[in-house]
Amino acid sequence: MYVRPYEDDEDAHTEEVPQSALKDEDAYMFPIMGSCVLFGLFLIYKYLGTDWIKFFITGYIALMSTNGLGMNMSQYVGLRSGRRDLSKFSTLFTIPYFDVKVTYVDIVAYVIAISLGVQYMLTKNWIINNLMGISFCLLGLKHIGLSSYRTGAILLLGLFVYDVFWVFGSKSVFGSNVMVTVATGVEAPIKLMFPRKQDGCGKLQF
């Protein structure tokens, strides 16, 4: 499915932005699939918890977040230039299988994003963590839409029940707070972090 807003003659050659629209059935399944993923991560961290598994999960999420950061930066440059994409800039080459046109703006944006991603893996800096997390969320919002208000209501209600159960009800069922265990165990840009105070040695506490 493609979403194409109204455009004038000046934007006639602007590329379409692909967007998947969630239907009612998808909205019903979304909290269920999210619960399966969350509980799977909980079992991994509670019972397996080896360093290489943690590193793999962290690296995978960081890689997706790095891609989101690079894509958002390049699209922001396109918006600042008065277009919705980078069609104003000359294409250096095209990636055949994905049919993606690459400009020098894309290259610069992804070099910066990869540099920040490597820096995050080495230091777990909270500012980079927030940049990558927000970029990944924005990328998801741009590519996933709702087919109707009914679908949005179903999704919102389902995620509300999902949050309430896994945050407040999971401890009585599984003996541990599943959401807290996963959130504190995954060292990846999946949550926003802000320093609350400094300890006696000047180290930030979150």
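When I say contact today, I mean heavy atoms within 4.5 Å. With that in hand, here is a first number for the protein on the screen: of its contacts with a separation of 6 or more, 62% are between residues 24 or more positions apart.

A quick word on the ground rules, everyone. This is a predicted model, where local features need pLDDT of at least 70, side-chain atom pairs count only at pLDDT 80 or more, and totals for chains, interfaces and linings use all residues. Residues are numbered from 1 along each chain as its sequence is written, and side-chain values use heavy atoms, with hydrogens and water left out.

So how confident is the predictor? pLDDT is its confidence in each residue, on a scale from 0 to 100. The mean pLDDT of the protein is 79, with 82% of residues at 70 or more. Please be careful with residues 1–17, where the pLDDT is below 50, although the model gives this stretch 27 contacts beyond near neighbours in sequence. Among the elements, strand 1 (residues 2–3) has the lowest mean pLDDT, 43, while helix 5 (residues 149–174) has the highest, 91.

Now the layout. Helices (H or I, at least four residues) and strands (E, at least two) are DSSP runs, numbered from the N terminus. The protein has six helices and eight strands, and from the N terminus on they run β-β-β-α-α-β-β-α-α-β-α-α-β-β.

Next, the surface. Accessible areas come from the Shrake-Rupley method with a 1.4 Å probe, and for residues only the protein chains shown count as cover. The exposed area is about 13900 Å², and 68% of it comes from carbon and sulfur atoms. I'll call a residue buried under 20% relative accessible area, exposed over 50%, and partly exposed in between (1.4 Å probe, protein chains only). Of the 206 residues, 30% are buried.

Where does the surface turn nonpolar? One patch of about 760 Å² is made by Leu-92, Phe-93, Ile-95, Val-100, Tyr-104, Ile-107, Val-108, Val-111 and Ile-112. Strand 4 (91–95) and helix 3 (104–123) each give two or more residues to this patch, and helix 3 gives the most, with five. For the record, patches take residues with over 30% relative accessible area and no salt bridge, joining like charges within 9 Å and nonpolar side chains (Val, Leu, Ile, Met, Phe, Trp, Tyr) within 5 Å. Ile-112, which sits in helix 3, counts as partly exposed because its relative accessibility is 40%.

That brings us to salt bridges, meaning a side-chain nitrogen of Lys or Arg within 4 Å of a carboxyl oxygen of Asp or Glu. How many does a search of the whole structure find? One. The partners are Asp-24 and Arg-150, whose side chains meet at 2.7 Å, N to O. This pair links distant parts of the chain, with Asp-24 in helix 1, Arg-150 in helix 5, and their positions 126 residues apart. Asp-24 is buried because its relative accessibility is 17%, whereas Arg-150, at 53%, counts as exposed. Beyond neighbours within four places in sequence, Asp-24 is in contact with Ser-148, Arg-150, Thr-151 and Ile-154.

Last stop: Asn-72, in helix 2 (residues 51–80). Is Asn-72 buried or exposed? Buried, because its relative accessible area is 13%. Its side chain reaches the backbone oxygen of Gly-68 at 2.9 Å. Setting aside neighbours within four places in sequence, Asn-72 is in contact with Ser-135, Leu-138, Leu-139 and Lys-142. Thanks for listening!

How values were computed
pLDDT = per-residue confidence, 0-100. Polar contact = N/O pair within 3.5 Å; in protein donor to acceptor, adjacent residues only side chain to side chain.
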